[in-house]
Amino acid sequence: MIAVESSQLQMIDKVVHISRVAKVVKGGRRFSFSAIVVVGDGSGKVGYSLGKANEVPEAIRKGMESAKRNMVEVPLKLTTIPHEVLGKFGASSVILKPASPGTGVIAGGAVRAIMEAAGIHDILTKCVGSRNPHNVVKATVEGLKRLRSVEKVSKTRGKNVLEEAQTS
């Protein structure tokens with residue numbers, strides 16, 4: 001896993017996985033590369049993408065550009081997430097649980113890259129099912145998309161934030 005900090009708005013770029021792909025042609029094999037890249041601002045926005053090219057640096061660059069265009073907003077509660085959530089994609093499932101301050105990021109490779117890029121510092125995670133990096137990244141982002149902030153929940157229930165805090 002490679003971590004690179006861009007100067008543009010302090011974006012955090014992480015390469016999750018690089019694959020060498022072979023295409024068999026008449027004269028032999030043609031090799032190209034695909035890279036899964038995660039980009040975040042460290043304060044609640046994260047995106048991912050797959051870049052493909054004939055060289056590794058070009059694949060990473062393409063992935064970063066595409067990931068910056070496809071960022072999603074993640075509601076944060078201090079340094080963790082507001083509630084427990086399950087993200088699913090294909091045969092991969094990722095359980096995300098909020099943790100108390102000081103716990104750290106308890107996560108494996110692909111999930112850890114997303115959490116660090118999003119700016120989540122305290123979280124418990126577990127991958128269930130397939131550990132394929134493509135599907136794990138997609139399942140994690142799907143779980144983060146399903147998160148709802150306290151303000152959003154109280155607005156849909158027609159209460160203010162203080163009433164919500166007293167009832168729970």
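**Strands, a helix and a charged contact**

The charged end of Arg20 sits over the ring of Phe31, 4.1 Å from its centre. The model is predicted.

User: How many bridges join E2 and E3, and in which sense do they pair?

Analyst: E2 covers residues 12-25 and E3 covers residues 28-40. Lys14 stands opposite Val38 in E3. The two strands form a hairpin, with two residues between them. Their sense is antiparallel, and the number of bridges is 13.

User: In the hairpin of E3 and E4, which residue takes a positive phi?

Analyst: E4 spans residues 45-53 and pairs with E3 in the antiparallel sense over eight bridges. One of the partnered residues is Val39, whose bridge partner in E4 is Gly47. Four residues lie between the strands of this hairpin. The residue with a positive phi, near 80°, is Gly42.

User: What span should helix H3 have, and how far apart are its end C-alpha atoms?

Analyst: H3 runs over residues 133-145, so it has 13 residues. At 1.5 Å a residue, the expected span is 18 Å. The distance between the end C-alpha atoms agrees: 18 Å.

User: Which residue caps the N-terminal end of H3?

Analyst: Look at the backbone nitrogen of His134. A side-chain oxygen lies 2.9 Å from that nitrogen. The oxygen belongs to the capping residue, Asn132.

User: Which residues of H3 are buried?

Analyst: Buried means under 20% relative accessible area. In H3, the residues that meet this are Asn135, Val136, Val137, Ala139, Thr140, Val141, Gly143 and Leu144.

User: How many aromatic pairs does a search of the whole structure find?

Analyst: To pair, ring centres must lie within 6.5 Å. The search covers the whole structure, and the number of aromatic pairs found is zero.

Terms used
Residues are numbered from 1 along each chain as its sequence is written. This is a predicted model: local features need pLDDT of at least 70, side-chain atom pairs count only at pLDDT 80 or more; totals for chains, interfaces and linings use all residues. Side-chain values use heavy atoms; hydrogens and water are left out. The expected span of a helix is 1.5 Å times one less than its number of residues. Buried means under 20% relative accessible area, exposed over 50%, partly exposed in between (1.4 Å probe, protein chains only). A polar contact is a pair of N or O atoms within 3.5 Å; within protein, one must be able to donate a hydrogen and the other to accept it, and residues adjacent in sequence count only if both atoms are side-chain atoms. Two strands pair if DSSP finds at least two bridges between them. Rings of Phe, Tyr and Trp (its six-membered ring) pair if their centres lie within 6.5 Å; planes under 30 degrees apart count as stacked, over 60 as edge-to-face and the rest as tilted. A charge sits over a ring if NZ of Lys or CZ of Arg is within 6 Å of the ring centre and within 35 degrees of the ring normal.
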